Amino acid sequence: MLWSSFYPLILPEVGGCPEPVVDAQLLRAAVDFCDTTQLWVTSLTAINAVSGTGEYALTSPVSETVVCGISELWYLNERMKFIPVSQMRRYSTHWPSDQGQVIGYTQLAENAVTLYRKPAVSTASAIKINAVIRPSHTATGLADWISQKHFDTLVAGAKARLMAMIGAPWANPQGSALYAGIYNVAVQSVVAERAGGRSRDRLSSPTGGGEQ
């Protein structure tokens, strides 16, 4: 769904606002929404493990999106545990140099994964990942299934940002506060719903294209 699909519910309340500005704030709202809810999950192309290499870049297979996290990771078809960087200090050795059996993974950047330990043997398609994705900063729209299900939430998020633009003819502090509240409540509802047991698998297809 292109950003222009949202115009009818936004432009009447931000008179005089150029459409490119509306697009920019819709994009920012969509990025924040996907980052916070982490509901858009897709399977990445299997990655070859390289002996002695622990870090691997993550690339989204969905156009106009980037990886912003990992939902699940398997190494040689065995599900690996996530180890926060803050917990890696428990290892007495220099853990980025450790090589041997892979027992988990961590992330030093959201678009890369670091295996612990570094693989000792090169293996084709050894790393399989379900990744969380979000729109890239050049995205011209958002997946239909997200846009349709959360249309009003994205509209509220964009309005809040547009009306908060100090000095703009369409600035409206009270309106911004109102729509920011609506947006935040809706986002937290999605977060709570997912935390309450609704799995990512129910919300995302293997190719990131729609609900199941």
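Ala-195 has a relative accessibility of 69%, so it counts as exposed. By the cut-offs used here, buried means under 20% relative accessible area, exposed means over 50%, and partly exposed is in between, with a 1.4 Å probe and protein chains only. Ala-195 sits in helix H4. Its C-alpha atom is separated by 36 Å from that of Pro-12, and the two residues are 183 residues apart along the chain.

Before I go on, some ground rules. This is a predicted model, in which local features need pLDDT of at least 70 and side-chain atom pairs count only at pLDDT 80 or more, while totals for chains, interfaces and linings use all residues. Residues are numbered from 1 along each chain as its sequence is written, and side-chain values use heavy atoms, with hydrogens and water left out.

Now the overall picture. The protein has 212 residues, and 47% of them count as buried. Its C-alpha atoms fill a box of roughly 60 × 35 × 30 Å along the principal axes. There are five helices and 11 strands. These elements are DSSP runs numbered from the N terminus: helices are H or I with at least four residues, and strands are E with at least two. A contact here means heavy atoms within 4.5 Å. Taking contacts between residues at least 6 apart in sequence, 69% join residues at least 24 apart.

Next, helix H3. It runs over residues 151-163, which makes 13 residues, and it reaches 18 Å from its first C-alpha to its last. That is close to the 18 Å expected at 1.5 Å a residue, where the expected span is 1.5 Å times one less than the number of residues. As a reminder, an α-helix has 3.6 residues a turn, so residues three or four places apart point the same way.

How many of the 13 residues of H3 are buried? The count is 11, and the helix is mostly covered. Among the buried ones are Phe-151, Leu-154, Gly-157, Lys-159 and Met-163. What do the buried residues of H3 pack against? They pack against helix H1 (19-37), helix H2 (144-149) and helix H4 (173-195).

Take H1 first. H1 and H3 pack at an angle of about 120 degrees, with their axes 8 Å apart. Axes are lines fitted to C-alpha atoms, for helices over the stretch in contact, and angles run from 0 to 180 degrees between N-to-C directions. The two helices are therefore oblique to each other. The scheme is that angles under 35 degrees count as roughly parallel, over 145 as roughly antiparallel, 65 to 115 as roughly perpendicular, and the rest as oblique. H1 passes H3 in a right-handed crossing. The contact includes Val-21, Gln-25, Ala-29 and Phe-33 of H1, and Leu-154, Ala-158 and Leu-162 of H3. On handedness, a crossing is left-handed if the near helix is turned anticlockwise from the far one by less than a right angle, and right-handed if clockwise.

One residue of H1 to look at is Gln-25. It counts as buried because its relative accessibility is 8%. Leaving out residues up to four places away in sequence, Gln-25 touches Ala-158, Arg-161, Leu-162 and Met-165.

Then H4. H3 and H4 pack at about 145 degrees, with axes 8 Å apart. H3 passes H4 in a left-handed crossing. Taking part are residues including Ala-156, Gly-157, Ala-160 and Met-163 of H3, and Tyr-179, Tyr-183 and Val-187 of H4.

Away from the helices, Ser-60 is in the loop between strand E3 (55-57) and strand E4 (65-75). Is Ser-60 buried or exposed? At 14% relative accessibility, it is buried. Its side chain makes a polar contact with the side chain of Thr-65, at 2.5 Å. A polar contact is a pair of N or O atoms within 3.5 Å; within protein, one must be able to donate a hydrogen and the other to accept it, and residues adjacent in sequence count only if both atoms are side-chain atoms. A polar side-chain atom of Ser-60 also lies 3.1 Å from the backbone nitrogen of Val-62.

Last, some backbone details. Most residues other than glycine have a negative phi, and most peptide bonds are trans. Glu-64, in the loop between E3 and E4, has a positive phi, near 60 degrees. Glu-64 is partly exposed, at 35%. Asn-77 has a phi near 70 degrees and is exposed, at 58%. Finally, the peptide bond from Tyr-116 to Arg-117 is cis, with omega near 5 degrees.
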